[in-house]
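Okay, thanks for having me. I'll keep this short, so let's get the picture up on the screen.

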Amino acid sequence: AACRLMFQLKALGIPEGIPEFVFHATRKWRFDRAWPAQKVAIEIEGGTWSGGRHTRGAGYEADCQKYSEAAIDGWKVLRATPQMVKSGYAVDALKRALT
């Protein structure tokens, strides 16, 4: 999904952003890709249909903390599934968030 998103960004002339951007000084949390100047980030959540880490108890709770802290710090964090990347929804949402 990440490769497809990069292809879509390039095709639309959207800056690629920074991969694995660390946004929290003490917890060292990372965004899958971020645009720090606009405080916009995207997280591609895998395993949504297969009971992956992001949908199980401890993983889900950790993600909630991460996204809450990002919001407190003023970040717009877009969350997308691989299916949302494939359909083009994720890149469209990013385009709107960055403008």
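I'll go through the overall fold, then the sheet, then the aromatic residues, and finish with a few odds and ends.

One thing up front: this is a predicted model, so please keep that in mind with every value I quote.

Okay, the fold. The chain has 99 residues, and it contains four helices and four strands. Starting at the N terminus, you read the elements off as α-β-β-β-α-β-α-α. How much of the chain is buried? Buried residues come to 35% of the 99. On the outside, the chain exposes about 6000 Å², with carbon and sulfur atoms supplying 57% of that. And for those of you who like contact statistics: take the contacts with a separation of 6 or more, and 54% of them are between residues 24 or more positions apart.

Now the sheet. All four strands I just mentioned... well, let me put it this way: four strands make an open sheet, and the order is β1-β2-β3-β4, with mixed pairing. Which strands sit at the edges? Those are β1 and β4, each of which pairs on one side only. On average, neighbouring strands here are turned by 40° against each other, if you ignore direction. Let's zoom in on one pairing. β1 runs antiparallel to β2, which covers residues 30-35, and the two share four bridges. One contact you can look up is I18, whose bridge partner in β2 is A34.

On to the aromatics. There are five aromatic pairs in the structure. Take F21 and W75: their ring centres are 5.8 Å apart and the planes make an angle of 50°, which puts the pair in the tilted class. What parts of the chain does this pair link? F21 belongs to strand β1, residues 18-22, while W75 sits in the loop between α2 (57-72) and β4 (76-80), and the two residues are 54 apart in the chain. W75 has a relative accessibility of 9%, so we call it buried.

Then there's F23 with F31. Why is that pair stacked? Because the centres are 4.1 Å apart and the planes are at just 10°, and the cut-off for stacked is under 30 degrees. Both F23 and F31 are buried. If you put the pieces together, F21, F23, W29, F31 and W75 form one aromatic cluster.

Next, a couple of backbone angles you may want to check. E20, in strand β1, has a positive phi, near 50°, and E20 isn't a glycine. Its relative accessibility is 43%, so E20 counts as partly exposed. The other residue is K28, in the loop between β1 and β2. Phi of K28 is also positive, near 60°, and again the residue is something other than glycine. Is K28 buried or exposed? With a relative accessible area of 54%, K28 is exposed.

Last item: cysteines. How many disulfides are there? Searching the whole structure gives zero. As for individual cysteines, C3 is exposed because its relative accessibility is 69%, whereas C64 is at 35% and therefore counts as partly exposed.

So that's my tour. If you take one picture away, make it the open sheet in the order β1-β2-β3-β4 and the one cluster formed by F21, F23, W29, F31 and W75. Happy to rotate the view if anyone wants another look.

Terms used:
Residues are numbered from 1 along each chain as its sequence is written. This is a predicted model: local features need pLDDT of at least 70, side-chain atom pairs count only at pLDDT 80 or more; totals for chains, interfaces and linings use all residues. Side-chain values use heavy atoms; hydrogens and water are left out. Rings of Phe, Tyr and Trp (its six-membered ring) pair if their centres lie within 6.5 Å; planes under 30 degrees apart count as stacked, over 60 as edge-to-face and the rest as tilted. Buried means under 20% relative accessible area, exposed over 50%, partly exposed in between (1.4 Å probe, protein chains only). A disulfide is a pair of cysteine sulfur atoms within 2.5 Å. Two strands pair if DSSP finds at least two bridges between them. Axes are lines fitted to C-alpha atoms, for helices over the stretch in contact, and angles run from 0 to 180 degrees between N-to-C directions. Contact means heavy atoms within 4.5 Å. Accessible areas come from the Shrake-Rupley method with a 1.4 Å probe; for residues, only the protein chains shown count as cover.
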